[in-house]
Amino acid sequence: MNRTRSQIIRFLLRNGPASCTEIGSELRISSSAIRRQIALLKGAGLVESSDSSRVSASPQSVRAAAEAFSATLGSEGLSVY
């Protein structure tokens, strides 16, 4: 996951639902860049729209996505050959 998306998820988990403008202001990133990253996070099931202008992330959905990703690695993990 890229750094911006990780920052957005941490922000939402810490602060609750927020608009792209609020997130961008706190992270010092443009609202349009935040919207692009939010679209990717929505597609991955990591965030959801709580209404027309705010998004949220739940610890359960983030944990489930992390566990699903981990399961795809199998028993080999991130070994480098």
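**View 1. The outward side of helix H3: Arg-36 and Gly-43 are the exposed residues on the face turned away from the buried side of H3.** Keep in mind that this is a predicted model. On the other side of the story sit Ala-33, Ile-34, Gln-37, Ile-38 and Leu-41, the buried residues of H3. These buried residues span an arc of only 135° around the axis, so they end up on the same side of H3. What do the buried residues of H3 pack against? Their partners are H1, H2 and strand E3, which runs over 54-56. As for the helix itself, H3 has 13 residues and covers 18 Å from its first C-alpha to its last, close to the 18 Å expected at 1.5 Å a residue. Just past the end of H3 comes Gly-45, with a positive phi of about 80°.

**View 2. Where H1 crosses H3: the two helices pack at an angle of about 80°, with axes 10 Å apart.** H1 and H3 are therefore roughly perpendicular to each other, since angles of 65 to 115 degrees count that way. From H1, the contact uses Thr-4, Arg-5, Ile-8 and Ile-9, while H3 brings Ile-34, Gln-37, Ile-38, Leu-40 and Leu-41. Sorted by class, the residues of this H1 and H3 contact come out as six nonpolar, two polar and one charged. Ile-34, Gln-37, Ile-38 and Leu-41 may look familiar: they are among the buried residues of H3.

**View 3. H1 against H2: here helix H1 (residues 3-15) meets helix H2 (residues 20-27) at an angle of about 110°, and the axes are 11 Å apart.** That angle makes H1 roughly perpendicular to H2. Look for Gln-7, Ile-8, Phe-11 and Leu-12 on the H1 side, facing Glu-22, Ile-23, Glu-26 and Leu-27 on the H2 side. The contact of H1 with H2 is made up of five nonpolar, one polar and two charged residues. Ile-8 is worth a second look, as it takes part in the contact with H2 and also in the one with H3.

**View 4. Two sides of H2: Cys-20, Ile-23, Gly-24 and Leu-27 are its buried residues.** They fit within an arc of only 95° around the axis, which puts them on the same side of H2. What covers them includes H1, strand E1 (18-19), H3 and E3. Which exposed residues sit on the face of H2 turned away from its buried side? Those are Thr-21, Ser-25 and Glu-26. Glu-26 also shows up in the contact with H1.

**View 5. Arg-28, just after H2: this residue takes a positive phi of about 60°.** Arg-28 belongs to the loop between H2 and helix H3 (31-43). Why stop to look at the backbone here? Most residues other than glycine have a negative phi. Arg-28 is a residue other than glycine, yet its phi is positive. Is Arg-28 buried or exposed? Its relative accessible area is 78%, so Arg-28 counts as exposed.

**View 6. Ser-56 in its pocket of neighbours: this serine lies in strand E3.** With a relative accessible area of 13%, Ser-56 is buried, the cut-off being under 20%. Which residues does Ser-56 touch, leaving out those up to four places away in sequence? They are Leu-12, Pro-17, Leu-46, Val-47, Glu-48 and Ser-50. Leu-12 comes from H1, where it also meets H2. Strand E3 itself is one of the elements that the buried residues of H3 pack against.

Terms used:
Residues are numbered from 1 along each chain as its sequence is written. This is a predicted model: local features need pLDDT of at least 70, side-chain atom pairs count only at pLDDT 80 or more; totals for chains, interfaces and linings use all residues. Side-chain values use heavy atoms; hydrogens and water are left out. Axes are lines fitted to C-alpha atoms, for helices over the stretch in contact, and angles run from 0 to 180 degrees between N-to-C directions. Helices (H or I, at least four residues) and strands (E, at least two) are DSSP runs, numbered from the N terminus. Angles under 35 degrees count as roughly parallel, over 145 as roughly antiparallel, 65 to 115 as roughly perpendicular and the rest as oblique. Contact means heavy atoms within 4.5 Å. Ala, Val, Leu, Ile, Met, Phe, Trp, Tyr, Cys and Pro count as nonpolar, Asp, Glu, Lys and Arg as charged, and the others, Gly among them, as polar. Buried means under 20% relative accessible area, exposed over 50%, partly exposed in between (1.4 Å probe, protein chains only). The expected span of a helix is 1.5 Å times one less than its number of residues. The arc is that of the directions from the helix axis to the C-beta atoms.
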